Amino acid sequence: MKCKLSIITIILCSFQYPIHSQKLNLDSLLTVLKTQKEDTSKVNLYRNICGTMRFTDPVKAIEYGKKGIELSKKLGFDKGTAGNYLNTATAFSYADKLDSALYYLNIAIQYSLKVGDANRLGLAYLNRADTYRQLLDFNQSLKDCSTALKYADKANNDDVRARINQTVGSVYFHQNLYPQAINYYNKAIALYSKINNQRMTAVVYNNLGLIHKNSKDYSKAIEVTKKAIQILDSLKDITNLSIFNGNLSDAYYQKKDYAQSEKYINKAMEYAQIQKNEKLIADAWLLAGSTYNKQKRYEEALTVLNKAMPVFKKMDYTEKIDITADLLAEVYANTGNYAKAYENILESRLANDSLLKWQYADDLAAMETKFNVDEKDKEILLLAKDKELQAQKLNRQRLLIWSTSALAILALAGIWLAINRYKLRQTVNELEIRNQIAADLHDEVGSSLSSIQMLSQMINSQPHTDEKDRAILQKVSNNATETMEKMSDIVWMIKPGENDAAGLAERMQRFLYEMTESKNILSNFTTNNLGVLQLTMSQRKNIYLIFKEALNNAMKYSGTSSVSVSLEFIEKQLILTIQDLGKGFDKIQIRRGNGLENMQNRAKELNANFELNSEIDKGTVIKLSVSI
């Protein structure tokens, strides 16, 4: 078994914003920040701190960038908003959070277009081009490079021109077009030297080292990578020092100088641990495992490789899972543990199958780019044919598995469809019944109760009716009205299409208003984060009835001047709070009644947490927490 050759292959094409803040001392900036007023100068301070700190502590830099964004938006300072979004995006890139970087870059471009700043637009499109390059979207990366060049020429900015050459070189590097990559890298170095940008010169030297390593010129790779590390040592660039030492270690590994390889692995690990970067730490473990294996230090190799594998799986890093599993299989085989070796071979093959599919798309993109440069359309045709042949080969290998499993899948699918159709029919029938019941209650029972109320009031208004009969008729009218209200609640509870929490909130708010308005009591109803939250019929019913019971108790017994109700969805909990400022009561001495037992029983039915707190002369708070 032969392990994959290149254990670590990393290109870093990171950008720094060409502003004066890079030359300032970070401690001085933080000192000034403490006394700075909440104005545009503070926005620029946040931007400068984020831009300075992103190389050494990108996570902390993101915090300062977000503070700058918040303040600049508050002040309506669009230029400051654009700058803070741009620097924060680069910090996300250094923290290896490319999706977040892309999100912030898109907003930075919007604000930069609004301001019309050619310099910042050139940087924004360039940073986005590099992010797309890291995400392997090479066509979009080259498009953004072209747009960035337009703004760089407009602003006559050599720094952005240099970065454009660097990014285009990196795109060609990823597609193994080394002569074109070296050409663009050399142009970038010339421009960086012209403007004395040491950090980016080091980055390009590192990328040239990777090209020489992949071309098997390991001595040259070691030479230029050491140049890059020497520059970054003087700049204290911890993020890139971890990556570059890892690349240097891999060059020594390929040269079979395992002692030197281990030396630089330890340095890469040290810098990765300082910045708490799990990916870089796992990369160092992987390379260490390969080096230990070559030196027959199998137990040490197994220790670090088994530490690296869970990290790669958590990050869904398929390529590194493939390499690590392949290497683990080799080490286990060398120790005689063939069961573990076979287990890792299977895992490696599974990862490799996924990589093959992605490789087809990458290869095709590489050939398309090469065609645009060299007009080699025949090579694209050959790649397409090769892709077809490889696909046919994979299809033949899997045909037997597919054919034997097809019947089982079809059978399971048929059973699943039958069960789901049965459930759907049952649901439809249930909805129809509930709808019919709701309609019958509303039309039949509702009209009868309404008639009873109206007739009793009419008779009660007659002058010949004595006081005793009036009292009975008034009680009949009141009972009919109360029953109509309860029936309205029941119709609402069982009616299909009323399952959203927002609808529950609206009904609760109406009831609160009706109750407090009639008694001249102040009321406040608030909701938060309900969105499109869906509730079951049982949840709607019990939550609403607990609310009504609590509110009725407050109205009847508390003597309060105001009532506050809130309905919030927080961390998968629907929380209902009813608070009054009335006379309160002693929970120990209070008699069972007033609906308290009913509310507790309904909370149990919901598997919810029910809290009741009351203090004499301070009021009562009822809180219901329902897991959704």
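I take a salt bridge to be a side-chain nitrogen of Lys or Arg within 4 Å of a carboxyl oxygen of Asp or Glu. With that criterion in hand I went through this predicted model, and a search of the whole structure returned 20 salt bridges.

**Entry: helix α6 and its partner in α7**

I looked up D130 and found that it forms a salt bridge with R133, with 2.8 Å between the closest N and O atoms. The two residues are three apart in helix α6, so about one helical turn separates D130 from R133. I also checked their exposure, and both D130 and R133 turn out to be buried.

I then turned to R128, which forms a salt bridge with D144, and here the closest N and O atoms are 2.8 Å apart. This pair links distant parts of the chain, since R128 belongs to helix α6 (residues 118–134) and D144 to helix α7, 16 residues apart. Is R128 buried or exposed? I note R128 as buried, because its relative accessibility is 15% and the cut-off for buried is under 20%. D144 is buried as well, because its relative accessibility is 2%.

While still on D144, which I placed in helix α7 (residues 138–155), I recorded its separation from I164: the two residues are 20 apart along the chain, and 9.4 Å lies between their C-alpha atoms.

**Entry: a link between α17 and α15**

Next I looked for the partner of E347 and found K313, the closest N and O atoms of this salt bridge being 2.7 Å apart. Again the pair links distant parts of the chain, with E347 in helix α17 (residues 338–374) and K313 in helix α15 (residues 298–314), 34 residues apart. As for exposure, I entered E347 as partly exposed, because its relative accessible area is 23%, and K313 also as partly exposed, because its relative accessibility is 43%.

**Entry: a network**

Which residues are linked in a network of salt bridges? I found D153, D158, R161 and K194 linked in this way. I add as a general reminder that side chains of opposite charge can pair when their charged atoms come close.

**Entry: surface patches**

On the surface I searched for positive charge and found a patch in which K226, K255, K263 and K267 gather. I followed up one of these residues, K267, which is found in helix α13 (residues 258–274). K267 counts as partly exposed, because its relative accessibility is 35%.

I also looked for nonpolar surface, and I noted a patch of about 300 Å² that is made by L412, I415 and I419. Of this patch I placed I415, which lies in helix α18 (residues 377–460).

**Entry: helix α20**

Finally I checked the geometry of helix α20 (residues 501–518), whose 18 residues reach 26 Å from the first C-alpha to the last, close to the 26 Å expected at 1.5 Å a residue. Which residues of α20 are buried? My list for the helix holds A501, G503, L504, A505, R507, M508, F511, L512, M515 and T516. After the helix I stopped at N520, which follows α20 and has a positive phi, near 60 degrees.

Definitions and conventions: Residues are numbered from 1 along each chain as its sequence is written. This is a predicted model: local features need pLDDT of at least 70, side-chain atom pairs count only at pLDDT 80 or more; totals for chains, interfaces and linings use all residues. Side-chain values use heavy atoms; hydrogens and water are left out. Patches are made of residues with over 30% relative accessible area and no salt bridge: like charges are joined within 9 Å, nonpolar side chains (Val, Leu, Ile, Met, Phe, Trp, Tyr) within 5 Å. Accessible areas come from the Shrake-Rupley method with a 1.4 Å probe; for residues, only the protein chains shown count as cover. Lys and Arg count as positive and Asp and Glu as negative; His and the chain ends are not counted. The place of a charge is taken as NZ of Lys, CZ of Arg, CG of Asp or CD of Glu. Helices (H or I, at least four residues) and strands (E, at least two) are DSSP runs, numbered from the N terminus. Buried means under 20% relative accessible area, exposed over 50%, partly exposed in between (1.4 Å probe, protein chains only). The expected span of a helix is 1.5 Å times one less than its number of residues.
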